[in-house]
Amino acid sequence: MSLNETDLQGALKKYFGFSQFRGLQEKVIESILGKQNTFVIMPTGGGKSLCYQLPALMCEGTAIVVSPLIALMKNQVDAIRSISSEEGIAHVLNSSLNKSEVKRVKGDIVSGVTKLLYVAPESLTKEEYVDFLKEQKISFLAVDEAHCISEWGHDFRPEYRNLRNIIKRIGEDIPIIGLTATATPKVQEDILKNLAMSGANTFKASFNRPNLFYEIRPKTKNVDADIIRFVKQNSGKSGIVYCLSRKRVEELAQTLEVNGVKAVPYHAGLDAKTRAKHQDMFLMEDADVVVATIAFGMGIDKPDVRFVIHHDIPKSIESYYQETGRAGRDGGEGHCLAYYAYKDIEKLEKFMSGKPVAEQEIGHALLQEVVAFAETSISRRKFILHYFGEEFDDVTGDGADMDDNVRNPKKKHEAQEEVQLLLKVVNRTGEIYKSKDLVNTLIGKSNALIISHKTHEQPFFGTGKSREDKYWMALIRQVLVSGYLKKDIETYGVIRITPEGREFIESPVSFMMTEDHVYNQAKDDSIITAAKSGGKAGGTDDRLVGMLKDLRKSVAKKLGVPP
Ligand code: ADP
Ligand code: MG
C-alpha cells in the first residue's frame, strides 16, 4: 500500500478530527501500514493508541489489540465507536461475553466490519478463539503496555509471556506492533526478545517532561502536616496523593478532609460504585485531591493535575515516573513531591521477602535505584533520563532547572583523582563487583566475597580510606550517570567500566562532584541533617531547620554522642 502524506493527514482528520500528528505518530503509522514489525516507546499521554487505531481503520481486515486492563479496553472501544456509525467497528472479546455476544463479535469479524478487536492476553489463550482467529484476515497485532512481558517492568503479567506462541498459531507473518511507556533498555530488550520482533522498526520518543518539577523531602513524623501545608498552598488545584497502603489512604483522606481540603480516597478495597464515584468527583472537580493507592491512575486522563505527591516512595523509578507523569499532562505546571525515608525502603524489601529469589533480586536492584535517586544531589531530571537510557544536558536541556537539587545546589568539588582511583579499582578487580563491594574495597573493609577474590591482599585495598562509605557510594552513582561506568542490570547491578572510563584512567579530566543528601536514621524516624530542605523549593524553611536541629540534639543526647 502506498499512501502519501496528505492521505494520512486526511485520514487523521476524518477519523479523529485532529489536524496534526504528534511527535513520531506519522512515522510509526507509515511503518505499520508498510506491514513492518514496529516498536513504539513513548511516554504516557504521548498518543500511542492512535498509532495502531488509525492504521487499523485504514487497513483491510481486523487488527487484534492485546491490552492488560478491561476498563482500558472498554474506554477505547467506546471512543472508536463514537467516531463511526458502525457499532461493530470495535469489539472486546473476553470471558464476560455470553454465547450470543460472542457470536455477534465473530459475525462482525467475518463480515469485515470489525477493524479493532481488543482482547486480554488470557482470553487469547482460549483454543476456541485462536482457532477462529487463525481463519480470519488479520491486519496486524498490537501489544499495548508491552512492558507487562518483562519482570523488569513495573507491571509484570505472566500471561504476556505466552503471546508469541499464540501469535504464531494465528499467523506466522502477521506484523506485530509493541507499544510501551517504559523506557529502560532492559525492558525494551525483553519485549523485542519475547515477542520475537528483533528486526522491528523502533521509534522512541524523549521521556523528558520539562514542565514537571521534581522534589524530594525527608519523611519525618510530620509528613501529614507537611502535605496539608503543601495542598493548602495549592488550594483549588487538582492533585493526587499516593500512599502504599489502603489504611494510610483512608487515614490521610480523612485528615485532609478534617483540615478543609476536598479529598476523596481511592483504592481497590472500595466497592466499584464508590471508586467510580470518587473518580468522577475528581474528574468533575468536586474533589480537589484524590488520595490513592497505585490502583488509581491507569487510564485516567485528567490533563490539569497540578501535583502528584508520594507519601511513600515507589518501588522503582519506572513507577515513580509513571505516577508523577500524571501531573501536568496539558503542559502546564506539575509539581512532583515525594517523601523519602530509608526505613520505607526496608519496608518495601520486607514485602518482597516471601517471593521467589530471582524476583527478590530484581526488586532489590530496582529499589537501590530509587535510593540513589532520592539521595542524589545532582539534577533529578538528568538522573531519571539516564535511567531511561537518554542523555540530558543539565545546563541547557529543556527543563534543566526544574528540580530541588538544581534550584538549591550543593557545593561541588574536584574529584578527579578519586574518580581515577575508583575506575582503576573497578578495572583491577575484574569488573565483578557491585557498588557495595567496590566501596568496601576502597575503604578497606573485607567480606566473604572480597576474601574469596583475594582483593584484600591487593595494594589498592583500602586506599580510599580517608573517605566514608557514603562518599564513595555517591561518587559511584555520579560516575555512572556520567557514563564512565555502567551498571549491568542482568547481574543485578555488577559495575563495569566503559571505553570512556578506560580513557579517563589514562588521561583524566575534571570531575566535579557533590555529596549525596544525608538522611539520618533515628530510632523511630528519619531526619535529614542537611540544613537546606523543607518548605517550597528554592527557599529554606527556618522553622523546620530549627526543629530538625533540636531533634538532632535530643537524638544525640539519647545516644550519648556529640550532635
Ligand atoms: P498513551 O497511550 O501514549 O498514554 P493515548 O493514546 O491515551 O496516550 O493518548 C493521549 C491523549 O492524546 C488522548 O486523549 C488522545 O486523544 C490524544 N491525542 C493523540 N494523538 C493526538 C493528536 N495527533 N492530536 C491531538 N490529540 C491527540
Ligand atoms: Mg496507552
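Which of the 14 residues around ligand 1 come nearest?

**View 1. The surroundings of ligand 1 in the predicted model.** Among the 14 residues around ligand 1, those that come nearest are F18, G46, G47, K48 and S49. Helix α3, which spans residues 48-58, gives the most to this shell, with three residues. Sorted by class, the shell around ligand 1 holds seven polar, four nonpolar and three charged residues.

**View 2. The open sheet of six strands.** The strands follow the order β8-β13-β12-β9-β11-β10, and their pairing is parallel. Because β8 (212-218) and β10 (263-266) stand at the edges with a single partner strand each, one side of each is left without a neighbour in the sheet. Direction ignored, neighbouring strands of this sheet are turned against each other by 15 degrees on average.

**View 3. Strands β9 and β11, with the helix that packs on the sheet.** Strand β9 (residues 238-242) runs parallel to strand β11 (residues 289-292), and four bridges join the two. One of the residues taking part is G239, whose bridge partner in β11 is V289. Helix α13 (residues 317-324) packs on the sheet, where it touches β8, β9, β12 (305-310) and β13 (334-340), and the direction of α13 makes about 150 degrees with that of β12.

**View 4. The setting of these close-ups within the protein.** The protein has 23 helices and 19 strands, and buried residues make up 41% of its 563 residues. The radius of gyration is 26 Å, which agrees with the value near 24 Å that a compact globule with 563 residues would have. Taken along the principal axes, the box that the C-alpha atoms fill is roughly 80 × 60 × 45 Å.

Key. Residues are numbered from 1 along each chain as its sequence is written. Chains are lettered from A and ligands numbered from 1 in the order in which they are written. This is a predicted model: local features need pLDDT of at least 70, side-chain atom pairs count only at pLDDT 80 or more; totals for chains, interfaces and linings use all residues. A residue is near a molecule or strand if its C-beta atom, placed from the backbone, lies within 6 Å of it. Ala, Val, Leu, Ile, Met, Phe, Trp, Tyr, Cys and Pro count as nonpolar, Asp, Glu, Lys and Arg as charged, and the others, Gly among them, as polar. The radius of gyration is taken over C-alpha atoms; the globule rule is 2.2 Å times the number of residues to the power 0.38. A residue is buried if 20 or more other C-beta atoms lie within 10 Å of its own, exposed if 12 or fewer, and partly exposed in between; C-beta atoms are placed from the backbone. Two strands pair if DSSP finds at least two bridges between them. Axes are lines fitted to C-alpha atoms, for helices over the stretch in contact, and angles run from 0 to 180 degrees between N-to-C directions. Two residues are in contact if their C-beta atoms, placed from the backbone, lie within 7 Å.
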